[in-house]
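Work through the exercises below with the sequence and the model in view. Each task is followed by its solution.

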Amino acid sequence: MPKRKLNKQQTTQVNKRRSQNLTYASNHQHLGESQDGLVITNFGKKLLVEDKNGNLYNCSIRQHLGKMVAGDEVIWQTDIEKNAGIVTFLKPRRQELSRPGFRGQTRMIAANIDLLAIVGAIEPGIHPDMLDRYLVVAYQLKLPVFIVINKIDLITSDKQWQAIAEILVTYDEMDIDIYPVSAQTNQSMDKLRGLLSTNNSVFVGQSGVGKSSLIKTLAPDIEIKTNQLSKSTRLGKHTTTNSILYHLPEFNGNIGNIIDSPGVRQFSPIACELQELEQAYQDFEPFLGKCKFNNCTHTIEPKCAIKQAVEDNKLSYDRYHSFQRLMDEFKKTTNH
Ligand SMILES: Nc1nc2c(ncn2[C@@H]2O[C@H](COP(=O)(O)OP(=O)(O)OP(=O)(O)O)[C@@H](O)[C@H]2O)c(=O)[nH]1
Ligand SMILES: [Mg+2]
Ligand SMILES: [Zn+2]
C-alpha cells in the first residue's frame, strides 16, 4: 500500500508527540524495575511504600490512579536518584473501609483487611451508639468483628464492672467477642495478641480510647518505626491523623498486620437502605417480617414487632435507638 503523505499540520503534531515521548523517556531513565509494594500510610499526595525487604520509600502516585490508603497493594518503581519512587498500579482491593467525608466524598480508612477491631475504653466511656455504627460497617463489608475495651486499669470498684457488663451484655448475647484489656499495664493482652497475629486487622474507635497505645504495647519496638515515619512524612506523632500499617512481632510463628486509624468524633457508615440496615442489626432478626406492615419503619406504625420486642425487653432499647438514629441520618444524606 502506498504511504500516505502527511499534511503540514499532521507532521507538526507527530513531531510534537515524538519530542514529548523523548522527554518522558529521558526524565524516567532513572526509574528502577517494577516491583510489589505495600502502602504503609498516605500523607499529602504521597505514600510511604514498603518493599518486600521491609525498606520504606516516599512515593508519588502516577496520575489518575486515585487515592490510596494503608493496606493497599501496589506496583511501583524506585527512583534511584532520589531514593524515592513512583506508584504505577493499584492492585484490586479485597475491600475498603471508609466513612462519609466532606461534601459527600468518602474518606478511606484502610484497605485489604480481614478483621475489624472496635476499640472502646473506660475513659472516655463506652458508647453503645458508636459500637453499633462500627458493627453496621462490619456487616456491610462482611468482616469478622470484635470489641476491645481498653483502660481496665482505671476500674476501681465492682459497681463499675457491673455498669460496664450491663452495657456489653447485648453484644455478648450476639456472640461478639469482647476483650477487656489495658495498654498501660499489659493486662489480658495475650488473647488479643493471638487473634491479631493471624490477620490483617484495623483498630477503629473514638479519639483517645488508646488505639495507638495498644499498638505500642503489642509491638514494643514500634516507637522506632513511629519516629522513622514522622521523620519521612514530617507528621506529628501524637494524635493519629492518617491510618498507618504496622507489622506485629511474631506470635506462635505468625506475623499479623495492624492498621492504626484516626479516631473521629462521630463515625458514620456509608448510607444504606432500611432493609440492609435491618440485616446489619442481627438481634432484630427474630422479629423481622412480623410487623403488621411489611414496609414498617418501626417508628409510628401500629403492631410493630420490633417496638413490641423492645417493650417486652427482648430487644435492647439502646440498639433500637441507635437504629433509628442511623435511619434518620441516612434519610438526610440521601435527600441531599
Ligand atoms: N489509664 C490508661 N490510659 C491509657 C491506656 N491506654 C492509653 N491511655 C491513654 O489514653 C490517651 C489516648 O491514647 P491514644 O493511644 O493516643 O488514643 P488513640 O485512640 O490512638 O487516639 P486518636 O489517635 O486520637 O484516635 C493517652 O494519654 C494514653 O496515655 C490504658 O490502658 N490505661
Ligand atoms: Mg492514635
Ligand atoms: Zn416494625
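**Exercise 1.** What percentage of the 336 residues of the chain count as buried?

Solution. This is a predicted model, in which local features need pLDDT of at least 70 and side-chain atom pairs count only at pLDDT 80 or more, while totals for chains, interfaces and linings use all residues. Residues are numbered from 1 along each chain as its sequence is written, and chains are lettered from A and ligands numbered from 1 in the order in which they are written. A residue is buried if 20 or more other C-beta atoms lie within 10 Å of its own, exposed if 12 or fewer, and partly exposed in between, with C-beta atoms placed from the backbone. By this rule, 29% of the 336 residues are buried.

**Exercise 2.** Place Leu277 in the fold and describe its surroundings.

Solution. Begin with the elements: helices (H or I, at least four residues) and strands (E, at least two) are DSSP runs, numbered from the N terminus. The chain has nine helices and 13 strands, and Leu277 lies in helix α7, residues 274-280. Next, the count: Leu277 is partly exposed because 19 other C-beta atoms lie within 10 Å. Finally, contacts (C-beta atoms, placed from the backbone, within 7 Å): beyond four places in sequence, Leu277 touches Val136, Cys272, Phe323, Leu326 and Met327.

**Exercise 3.** Describe how β6 and β7 are joined.

Solution. Strands pair if DSSP finds at least two bridges between them. Strand β6 (residues 96-100) and strand β7 (residues 106-111) have five bridges and run antiparallel. One bridge links Glu96 to Ala111 in β7. The two strands form a hairpin with five residues between them, and Arg103 in the turn has a positive phi of about 50 degrees.

Technical notes: Contact = placed C-beta atoms within 7 Å.
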